[in-house]
Amino acid sequence: MNTEKRAARGCKAAILLLSPALLHCDSRVGILPKDTATLVDTVQDHDTGSRDTGSPTEALDTAEPTDTADYSAWESASLKILNPESGDFLLLAEAAEFQAMVYDSWGEPTDFDDIQWTSDIDATWTPTGDYFVTDSLTAGEHALTASAELPNGDRLAYSIGGVLVQSAYSGTYTGTIIVDGTANLFGTDLWLTCAGSSTLVVDIYGEAVTGDASCLASLGGYYDLTISYLIDAVNSDGSIEGQASVDFSWFTYDMAMEGSLSEDGDMEISFADDVYGYFDLAGDISAIRISRDTQLE
């Protein structure tokens with residue numbers, strides 16, 4: 001019995017002697033109680049930042065993306081063609097200026113230049129820009145449209161009409177015809193005088209010259225007859241050559257004619273011939289341009 005008591009007291013003493021060491025031991029010492037070692041491990045790993053705490057939950061950005069661009073300058077923007085203007089005349093194959101402007105919401109000019117141009121009669125004419133010079137617009141009467149798609153997605157368009165593109169010679173000409181000559185009818189020589197009016201048209205290319213003229217002829221004061229002239233000629237850089245089909249009521253006769261045409265709109269044509277030995281005629285047509293219209297009503 002005494003032996004057991006002595007053994008028990010020895011164990012207590014051992015435990016008391018060991019307790020201070022236990023309190024200061026490193027977590028790696030295997031003699032620590034299981035719960036104590038786990039607690040120290042946890043604190044150490046937390047301090048060093050090396051602990052894997054499991055599957056982390058990442059923060060999700062749920063904010064809606066926002067467009068921070070300022071489109072206020074385009075909300076009430078406008079577009080206008082500055083040149084040419086409706087009804088303008090442009091010379092065919094000669095350079096002309098084309099200009100359009102986009103104005104911002106406050107009416108101020110902008111430097112926006114992505115502007116597309118189109119014509120209602122020329123599908124191949126599609127230039128781009130707020131200003132350019134070109135001679136490529138084809139002959140005819142055009143309605144021109146400029147359009148632009150703005151940075152905010154709005155689309156603007158502006159149109160002008162009646163832009164006439166044709167040759168400097170083109171148009172409608174009116175004037176007079178005066179014919180003098182002699183006639184021999186049944187062995188009698190008669191003086192012929194004839195005065196009347198003429199109307200001629202030069203096409204949009206400034207080449208074809210067509211029209212008619214007529215006058216009332218008096219033969220020696222005895223006979224009166226109306227003589228009509230159907231004119232078909234070609235203009236080449238101001239020089240006219242062609243013919244007039246002369247209608248004497250009971251027969252027609254083609255007479256060669258030649259003349260001149262200025263870009264300012266003055267036309268002079270002359271002709272002369274001996275008509276089958278009966279009429280010796282010489283005449284002149286003088287006409288001026290009264291409009292750019294190339295279509296007779």
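## An open sheet of four strands

Let's start with an open sheet of 4 strands, whose order is E2-E7-E6-E4 and whose pairing is mixed. Strand E2 (89-91) and E4 form its edges, each pairing on one side only. From one strand to the next, the twist averages 35 degrees. Keep in mind as you look around that this is a predicted model.

At the E2 edge, 3 bridges pair E2 with strand E7 (residues 155-166) in the parallel sense. If you would like a residue to look for, Phe89 has Leu164 as its bridge partner in E7.

## Strands E3 and E5

Next come strand E3 (residues 96-103) and E5, which run antiparallel and are joined by 4 bridges. Here Phe98 has Phe132 of E5 as its bridge partner.

Phe132 also belongs to a neat pattern along strand E5 (residues 131-134): together with Thr134, Phe132 points to one face and is buried, while Tyr131 and Val133 point to the other face and are not buried. This fits a general rule, as side chains in a regular strand alternate between the two faces of the sheet.

## Two nonpolar cores

The largest nonpolar core has 38 residues, and those touching the most other members are Val179, Leu192, Ile227, Tyr229, Phe248, Met267 and Phe279. Two or more residues each come from E8, E9, strand E10 (208-219), strand E11 (223-236), strand E12 (239-247), strand E13 (252-261), strand E14 (266-275) and strand E15 (279-291). Phe248 is a good place to zoom in: leaving aside neighbours within four places in sequence, Phe248 is in contact with Leu225, Ile227, Tyr253, Val275, Phe279 and Leu281.

Another core, of 23 residues, lies apart from the largest one; among its members are Leu79, Ala96, Trp117 and Ala146. More broadly, nonpolar side chains tend to be buried together in soluble globular proteins.

## Two loop residues

Two loop positions round off the tour. Asp111 sits in the loop between E3 and strand E4 (115-119). With a relative accessible area of 70%, Asp111 counts as exposed, because the cut-off for that term is over 50%. Met101 is 10 residues from Asp111 along the chain, and their C-alpha atoms are 8.0 Å apart.

Gly187 is found in the loop between strand E8 (171-185) and strand E9 (188-202). Gly187 is exposed too, having a relative accessible area of 64%. Between Gly187 and Tyr278 there are 9.9 Å from C-alpha to C-alpha, with the two residues 91 apart in sequence.

Conventions. Residues numbered from 1 in each chain as written. Predicted model: local features only at pLDDT ≥ 70, side-chain atom pairs only at ≥ 80, totals over all residues. Heavy atoms only, no water. Buried < 20%, exposed > 50% of the residue type's maximum accessible area, 1.4 Å probe, protein only. Pairing = 2+ DSSP bridges. Axes fitted to C-alpha atoms, helices over the stretch in contact; angles between N-to-C directions. Core = buried A, V, L, I, M, F, W, Y, C linked by side-chain atoms within 4.5 Å. Contact = heavy atoms within 4.5 Å.
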